[in-house]
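Trainee: I would like a close look at one part of this model. Please take one helix pairing and walk me through it.

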Amino acid sequence: MSHRPSPSPDRRSLLRGSLAASAALSLGAAGGLAPAAPALARSGRPEAAWGVQAGDITASSGLVWVRSDRPARMIVETSASESFRNARRWHGPLLGPGTDFTGVTALRGLPAGEQIHYRVTLADPDDPRRTGGPVPGTFRTAPSRRRDGVRFLWSGDIAGQGWGINPDVGGFRAYEEMRRLDPDFFLCSGDTIYADGVIQPSVTLPDGRVWRNITTEEKSKVAETLDEYRGNFRYNLLDHNVRAFNAQVPGIVQWDDHEVRNNWYPGQILDDPRYTEKDVDVLAARAMRAFGEYFPVSTLHARGEEGRMHRVVRYGPLLDVFVLDMRTHRDANSPGRQPDNTTGILGAAQLAWLKRELSRSRAVWKVLAADMPLGLVVPDGATDFEAVAQGDPGAPLGRELQIAELLRFVKHRRITGTLWLTADVHYTSAQHYAPERAAFKDFAPFWEFVSGPLAAGGFPANALDATFGPDRVFVRAPERGNVSPMESPQYFGEVDIDGGSGELTVRLRAEGGAVLFSKTLQPGRIGQ
């Protein structure tokens, strides 16, 4: 297979060194110790103990993120070598309490298809000579040549169902396993936090074993305030595996429901005694602000436009990633039997945007990064439904109408190389959708791959809805709900696009190294 060469061992040494810079957060201090909270006036030098991360990398641009322990100026240096000879310097924002001392610096004019080494230094705003130690990271820019190939991973569902950072098992171990695979980037398919999920100090498993969690004040209740949402995002960064992964593998990140609250939708008024703030729109605005503070997302940090989650990340001639937002613009959860529905799960404006961008795409492969599955029935209570499918195997109704419109558009515009990736349901599976099995027939066959959780409870497989003719070709799921990571492996997926043939191979992986399922798709086809 034609692919870019693997990084040298020196790069591995660099990344291990980044952990030393984050020693204050070492998982060895698992008794709940964390970096001191930022203060407006402190002695010493600014520190970036929460690590660094890069995101939304293209052939010529990207974003770099950091968090300080006090007010500081963010400075980023980039270089083609680890020695930082002939480094380019980028002066970033002033970090302060308005963003929880986080900040993002946009990098532009980068060389395509190259390993970029970067380091972030924090400077005292009153005395630029007083700086903390540089924190290193690295990423590869997208290739400009098709023959270079692309390989990435995806998953979601992190710190859910009460399964937090357990020092007894080494924390979020799947992150270290993914880091060793050295992908070009990681697509995080949502549920990046569980703002509605409390982390208790310990949980007793059915067999009597005890799962022990690192705990924090913000994870002791459901998140409602901006500071509580921020604390949920900080929680995952307490894990050394996550910080090492972030320093090496750039991200493309989207959200789903648990960044705010389980199964939420716009306009919802809560009937939940755990919440004093009942207006979900208020909670969602706070969560979106915290999300933008803790992830380098290009459309949330763009100047001169209102922040939004949906976007296209163009990763060279082989790949465009269409990041969808199936949460912010949806209609209310319902039985889903409406004969007419223009809002759907995407909203009319996002659907129009998606059609336009798919039509413009010249990439060989077009990945639709969805935060929810299409043909899997996801209930919300006794009568309502949370995703697209609602269990009626007949003609499209409710949110299915919007997906039918999109699938019809892809077929009639002869858009090639589409596939869907998601997480959400806490197991891994592969579904093939085909019109000959479907009630709705005006679409081209396509694949949907599901992988997760990455650090949460496992759940049994969901039922299928026959409207779009899904065939569950593969599934691996536990038989009971909320199976702990001690009892069931965590799951993530791998996508490998060969630069020579253009073939795309999907591998569904389990923690521990096993490849559970593999499927190779051919380029240039409207349906697969």
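Mentor: Here is a walk through one helix pair, one residue in it, and then another helix for reference. Keep in mind that this is a predicted model.

Start with the pair. Helix α3 covers residues 226-237, and helix α5 covers residues 280-294. Their axes come within 8 Å and cross at roughly 40 degrees. That angle makes α3 oblique to α5, because only angles under 35 degrees count as roughly parallel. The crossing of α3 past α5 is right-handed.

Now the residues that meet. From α3 come L226, Y229, R230, F233, R234 and L237. From α5 come L283, R286, A287, R289, A290, F291, E293 and Y294. Sort the residues of this contact by type and you get nine nonpolar, no polar and five charged. A general point helps in reading such lists. An α-helix has 3.6 residues a turn, so residues three or four places apart point the same way.

Next, α5 itself. Its 15 residues should span 21 Å at 1.5 Å a residue. The end C-alpha atoms are 21 Å apart, which agrees. The buried residues of α5 are V280, L283, A284, A287, M288, A290, F291, G292, E293 and Y294. They pack against α3, and also against strands β1 (52-55), β2 (61-67), β5 (102-108) and β13 (251-253).

Look closely at R234. This arginine lies in helix α3. Its relative accessibility is 14%, so R234 counts as buried, the cut-off being under 20%. Leave aside neighbours within four places in sequence, and R234 is in contact with W50, R67, D100, E218 and Y294. Take Y294 from that list. R234 and Y294 are 60 residues apart in sequence, yet their C-alpha atoms are 7.9 Å apart in space.

Finally, helix α7, residues 400-412. Its 13 residues should span 18 Å at 1.5 Å a residue. Its end C-alpha atoms are 18 Å apart, so expectation and model agree. The buried residues of α7 are E400, Q402, I403, A404, L406, L407, F409 and V410. They pack against α6 (348-360), β19 (418-422) and β21 (446-450). Just after α7, R414 takes a positive phi of about 55 degrees.

To return to the pair: α3 and α5 cross at roughly 40 degrees, and R234 and Y294 are among the residues that meet there.

Definitions and conventions
Residues numbered from 1 in each chain as written. Predicted model: local features only at pLDDT ≥ 70, side-chain atom pairs only at ≥ 80, totals over all residues. Heavy atoms only, no water. Helix = DSSP H or I, 4+ residues; strand = E, 2+ residues; numbered from the N terminus. Expected span 1.5 Å × (residues − 1). Buried < 20%, exposed > 50% of the residue type's maximum accessible area, 1.4 Å probe, protein only. Contact = heavy atoms within 4.5 Å. Axes fitted to C-alpha atoms, helices over the stretch in contact; angles between N-to-C directions. Parallel < 35°, antiparallel > 145°, perpendicular 65-115°, else oblique. Left-handed = near helix turned anticlockwise from the far one by under 90°. Nonpolar A, V, L, I, M, F, W, Y, C, P; charged D, E, K, R; others polar.
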